[in-house]
Amino acid sequence: MRRAKRYPVLIACILSLGCTADRPAADTPVYLTRPTPEVKALRLRADSLRSTDLAGSMALYSAMLRKAEELRDDQGLVEAYRRLVFVAGVQLSQTDTALRYSDEALRFAHRLGDANTLCDVYGLRAVTYQVAGMLDSATAANKEALRYMDLDTAPDSLRNWPLYLNVAGMFNELNDQRLAIAYTHRYLDGYALPNKDTNRMELAYNNLGLYHLRLRDSV
């Protein structure tokens, strides 16, 4: 838990993506669907438990994953994998467990072939590596996430924009503040400012201040 506090950007952003439409036909992109009611109920129980019992929430997320597999619920699988990787890798610092779920998530996402999901899954893998201090592996995973983001045809409001902040944080750790600043501006210009998302604007500008401070730049 102590390690998670070092990554406010990751925690604030990585679980922020959601769904906006009722569950449609099977050929509809996953980012436009909602999980089945049974899977959603497990997710809500696990989410509510996470602040007090991380191990208990992991057990419920595992049950959510199994139920989603049983029901062939693609959105439910995406949401389960996202939470299992995040809780294990960031909140519990259980890197091996997080990477095991990430391996499963990657196999699923490649079968699905949806760029939005692939971007999401590779971004989560990068976060796991980043928290573990494995920055070379984080860089490789983030490059894949960015590649799939370029291929993503999802509407702007559903794109994986938080990826830019996570990449910026990684470059800050690599002591390349200029790239950290550049990716933060891409996030601001592409998402936070056009959508007038004041909470994320505040987060991004705060991070920019820290990056400029490390450059001894009064901006």
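Q: Between which two helices is the loop in which arginine 72 is found?
A: In this predicted model, helix H3 covers residues 54-71 and helix H4 covers residues 74-91. Arginine 72 is found in the loop between helix H3 and helix H4.

Q: Does arginine 72 count as buried or exposed?
A: A residue counts as exposed when its relative accessible area is over 50%. Arginine 72 has a relative accessibility of 71%, so this residue counts as exposed.

Q: What is the phi of arginine 72?
A: Most residues other than glycine have a negative phi. Arginine 72 is a residue other than glycine with a positive value, and its phi is near 55°.

Q: Which residue in the loop between helix H9 and helix H10 is found there with a positive phi near 50°?
A: Helix H9 covers 177-192 and helix H10 covers 198-214. The residue is not a glycine, although its phi is positive. At 68% relative accessibility, this residue counts as exposed. The residue found in that loop is lysine 196.

Q: How many helices are there in the protein?
A: Read along the sequence, the protein follows the pattern α-α-α-α-α-α-α-α-α-α. There are zero strands, and the number of helices is 10.

Q: What percentage of the residues in the protein is buried?
A: Buried means a relative accessible area under 20%. The protein has 219 residues, and the buried ones make up 52%.

Q: What share of the contacts with a separation of 6 or more is made by residues 24 or more positions apart?
A: Contact means heavy atoms within 4.5 Å. Of the contacts in the protein with a separation of 6 or more, residues 24 or more positions apart account for 59%.

Q: Are helices H7 and H8 roughly parallel or antiparallel?
A: Helix H7 covers residues 135-151 and helix H8 covers residues 162-173; their axes come within 11 Å and cross at roughly 150°. Angles over 145 degrees count as roughly antiparallel. Therefore H7 and H8 are roughly antiparallel.

Q: Which residues of H8 make the contact with H7?
A: The crossing of the two helices is left-handed. On the H7 side, the contact is made by Leu135, Ala138, Thr139, Asn142, Ala145, Leu146 and Met149. On the H8 side, the residues are Leu163, Tyr164, Val167, Met170 and Glu173.

Q: How many residues of the contact of H7 with H8 are nonpolar?
A: The residues of this contact divide into three kinds. Two are polar and one is charged, while the number of nonpolar residues is nine.

Q: What is the distance between the C-alpha atoms of leucine 124 and alanine 141?
A: Leucine 124 lies in helix H6, residues 115-131. With 5% relative accessibility, leucine 124 counts as buried. Along the chain, leucine 124 and alanine 141 are 17 residues apart, and their C-alpha atoms are separated by 8.6 Å.

Q: How are the rings of tryptophan 161 and tyrosine 164 arranged, and what is the angle between the planes?
A: The structure holds six aromatic pairs. Tryptophan 161 and tyrosine 164 form one that is tilted, at 5.5 Å centre to centre. Both residues are buried. The angle between the planes of their rings is 45°.

Q: Which helix holds tyrosine 183, the partner of tyrosine 164?
A: The ring centres of tyrosine 164 and tyrosine 183 are 6.0 Å apart and their planes stand at 35°, so the pair is tilted. Tyrosine 164, in helix H8, is 19 residues away from tyrosine 183, and the pair links distant parts of the chain. Tyrosine 164 is buried with a relative accessible area of 5%, and tyrosine 183 counts as buried at 14%. Tyrosine 183 is in helix H9.

Q: Which residues form one aromatic cluster?
A: Tryptophan 161 pairs with tyrosine 164, and tyrosine 164 pairs with tyrosine 183. With Phe171 included, the residues of the cluster are Trp161, Tyr164, Phe171 and Tyr183.

Q: Which residues does threonine 184 touch, not counting residues up to four places away in sequence?
A: Threonine 184 is placed in helix H9. Its relative accessibility is 0%, so threonine 184 counts as buried. The residues that threonine 184 touches, on that count, are Leu165, Ala168, Ala204, Leu208 and Tyr211.

Q: What separates the C-alpha atoms of proline 29 and threonine 153 in Å?
A: Proline 29 is in the loop between helix H1 (8-13) and helix H2 (37-49). At 30% relative accessibility, proline 29 counts as partly exposed. Proline 29 and threonine 153 are 124 residues apart along the chain, and the separation of their C-alpha atoms is 9.9 Å.

Notes
Residues are numbered from 1 along each chain as its sequence is written. This is a predicted model: local features need pLDDT of at least 70, side-chain atom pairs count only at pLDDT 80 or more; totals for chains, interfaces and linings use all residues. Side-chain values use heavy atoms; hydrogens and water are left out. Axes are lines fitted to C-alpha atoms, for helices over the stretch in contact, and angles run from 0 to 180 degrees between N-to-C directions. Helices (H or I, at least four residues) and strands (E, at least two) are DSSP runs, numbered from the N terminus. Angles under 35 degrees count as roughly parallel, over 145 as roughly antiparallel, 65 to 115 as roughly perpendicular and the rest as oblique. A crossing is left-handed if the near helix is turned anticlockwise from the far one by less than a right angle, and right-handed if clockwise. Ala, Val, Leu, Ile, Met, Phe, Trp, Tyr, Cys and Pro count as nonpolar, Asp, Glu, Lys and Arg as charged, and the others, Gly among them, as polar. Buried means under 20% relative accessible area, exposed over 50%, partly exposed in between (1.4 Å probe, protein chains only). Rings of Phe, Tyr and Trp (its six-membered ring) pair if their centres lie within 6.5 Å; planes under 30 degrees apart count as stacked, over 60 as edge-to-face and the rest as tilted.
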